[in-house]
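Thanks for coming. I will put the structure up and then walk through its helix packing and its core.

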Amino acid sequence: MDLKIDQHSATPLYKQIEEQVRGLIASDKLKQGDRLPAVRQLAHSLKVNQNTVVRAYLELEQEQVIVCRRGGGSTVAAKSTDPSIVALRQKRLSDILNSDILQFLSMGYSPEEVEAAFHLHISRWREGRIDSTKTDDIKKKRSTSTRKAIFIAGSHDLALDLLVSLFKERSPAIEIEVAHAGSLGGLIALQEERAHLAGIHLLDEETGEYNNPYIKRILPGRELAIVHLAYRIQGLMFTAENPKKISGLDDLLRKDINFINRQKGSGTRVLLDLKLRQMGILPDEIKGYDDESDTHLSVALAISNGKADVGLGIEAAASSCGLGFLPLFRERYDLVMLKKDYQSQLFAPFLEIVNSDDFRKVVDHVGGYDTTQTGLTAFFG
């Protein structure tokens, strides 16, 4: 375990150990059954008293996060399939959430603010635990699935993550899968019938218009529905307090700045490359330009973990990871689908959420979004 102790922190040493172990388990870096270092070994490596480690392990054991056995060491607790234990775990989860929600509401937060914060942070932890679903995986699932299903490919977006989460809660009988394939990848997946819906934000260099020019080029002659999800703010994400004093894209030329990029075909990459061309900046002048990540959250997590200094992404991703943010661009994010799917019973509950006031209120509280036109639909073909 890669743990670090801050002797000058106001947080007790045992609590620092406890919280870092929780973080490793939450991010799936420690898995069920994995053995933790022996008390003496961890105390020696962290240069702390053995009793400090013992107290941290005891706290974790009391909450059933780990299991400690005399002579057998400590391991990450495994989930039990015993119905009575499963029921107890669910009750404990419910009690924790109820207690926290009560506290937040009593402090004056609205239900929409609480829901937005929850979805924002659960998206961050989910990003750290699993790999993104790929469009080839979706194609295979689409061809083999026997359930009613909606398959989405395109650019990563936290409002879309929220939409999918709400849909899963309200329509559990319908399967829904998302592949972070980038905006161009989403349109191509829709063209090749590997997806029902594409999420895109593509700025056309010639016209200065978002999305429509690309839709016309890649899906000519198709009868389509384009549903507006939201306008959102793109900008530079960096460590809180901005220690390297990053003030614009021209700072990417600095030799002390490590950049992390989005993958080719993503709308963010298309936007960045366009702005760099306009500024006369060549990609090979930027340290880290070829280091790619598939989602806004994975870029934000890389910066949060010290693997990069700066990246281009949406404000909501920066907020979820506690990063600083410099707003630069306002862009349009749309959902593209065949007109027949838009009019189908399968899509009706999905579109109902998009057009709901509840959804718009929660997205507004996430931050970095403008939902005044959310749900507006245009038809092509």
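When I say that residues meet, I mean contact, that is, heavy atoms within 4.5 Å. Keep in mind throughout that this is a predicted model.

Take helix α2, residues 39-46, and helix α3. On the α2 side the residues in contact are Val39, Arg40, Leu42 and Ala43, and they meet Gln50, Val53, Val54 and Tyr57 in α3. The two axes come within 8 Å and cross at roughly 120°. Angles from 65 to 115 degrees would count as roughly perpendicular, and those over 145 as roughly antiparallel. The pair is therefore oblique. As for handedness, α2 passes α3 in a right-handed crossing.

Helix α3, residues 50-62, also packs against helix α1, residues 13-26. Here the axes come within 8 Å and the crossing angle is roughly 45°. That makes α1 oblique to α3. This crossing is right-handed too: α1 passes α3 that way, as α2 does. From α1, the contact residues are Leu13, Tyr14, Lys15, Ile17, Glu18, Val21 and Arg22. They meet Thr52, Val53, Arg55, Ala56, Glu59 and Leu60 in α3. Note Val53, which is listed in the contact with α1 and in the contact with α2.

On to the nonpolar core. Which residues touch the most other members of the largest nonpolar core? They are Ile152, Leu163, Met237, Leu335, Phe350 and Tyr369, out of 49 residues in that core. Helix α7, residues 158-170, supplies the largest share of this core, with eight residues. As background, nonpolar side chains in soluble globular proteins tend to be buried together.

Tyr369 deserves a closer look. Leaving aside residues up to four places away in sequence, Tyr369 touches Asp157, Leu158, Ala159, Ala230, Tyr231, Arg232, Ile314, Ala316, Val363 and Asp364.

One of those partners, Ala316, is found in helix α12, residues 315-320. Is Ala316 buried or exposed? Its relative accessibility is 1%, so Ala316 counts as buried. With the same exclusion of sequence neighbours up to four places away, Ala316 touches Leu120, Leu158, Val366, Gly367 and Tyr369. The contact with Leu120 spans 196 residues in sequence, yet the C-alpha atoms are 7.5 Å apart. Leu158 appears in the contact list of Tyr369 and in that of Ala316.

Two further helices are worth showing for burial. Helix α11, residues 296-304, has eight of its nine residues buried, so the rest of the structure largely encloses it. The buried ones are His296, Leu297, Ser298, Val299, Ala300, Leu301, Ala302 and Ile303. After α11 comes Gly306, with a positive phi near 80°.

Helix α8, residues 182-191, is mostly covered, with seven of its 10 residues buried. These are Gly182, Ser183, Gly185, Gly186, Leu187, Ala189 and Leu190. A positive phi follows this helix as well: Glu193, after α8, has phi near 60°.

Last, the cysteines. How many disulfides are there, with the sulfur cut-off at 2.5 Å? The count comes to zero. As for exposure, Cys68 has a relative accessible area of 26%, so it is partly exposed. Cys321, at 7%, is buried.

That is what I had to show.

Notes:
Residues are numbered from 1 along each chain as its sequence is written. This is a predicted model: local features need pLDDT of at least 70, side-chain atom pairs count only at pLDDT 80 or more; totals for chains, interfaces and linings use all residues. Side-chain values use heavy atoms; hydrogens and water are left out. A disulfide is a pair of cysteine sulfur atoms within 2.5 Å. Buried means under 20% relative accessible area, exposed over 50%, partly exposed in between (1.4 Å probe, protein chains only). A nonpolar core is a set of buried Ala, Val, Leu, Ile, Met, Phe, Trp, Tyr and Cys residues joined through side-chain atoms within 4.5 Å. Helices (H or I, at least four residues) and strands (E, at least two) are DSSP runs, numbered from the N terminus. Axes are lines fitted to C-alpha atoms, for helices over the stretch in contact, and angles run from 0 to 180 degrees between N-to-C directions. Angles under 35 degrees count as roughly parallel, over 145 as roughly antiparallel, 65 to 115 as roughly perpendicular and the rest as oblique. A crossing is left-handed if the near helix is turned anticlockwise from the far one by less than a right angle, and right-handed if clockwise.
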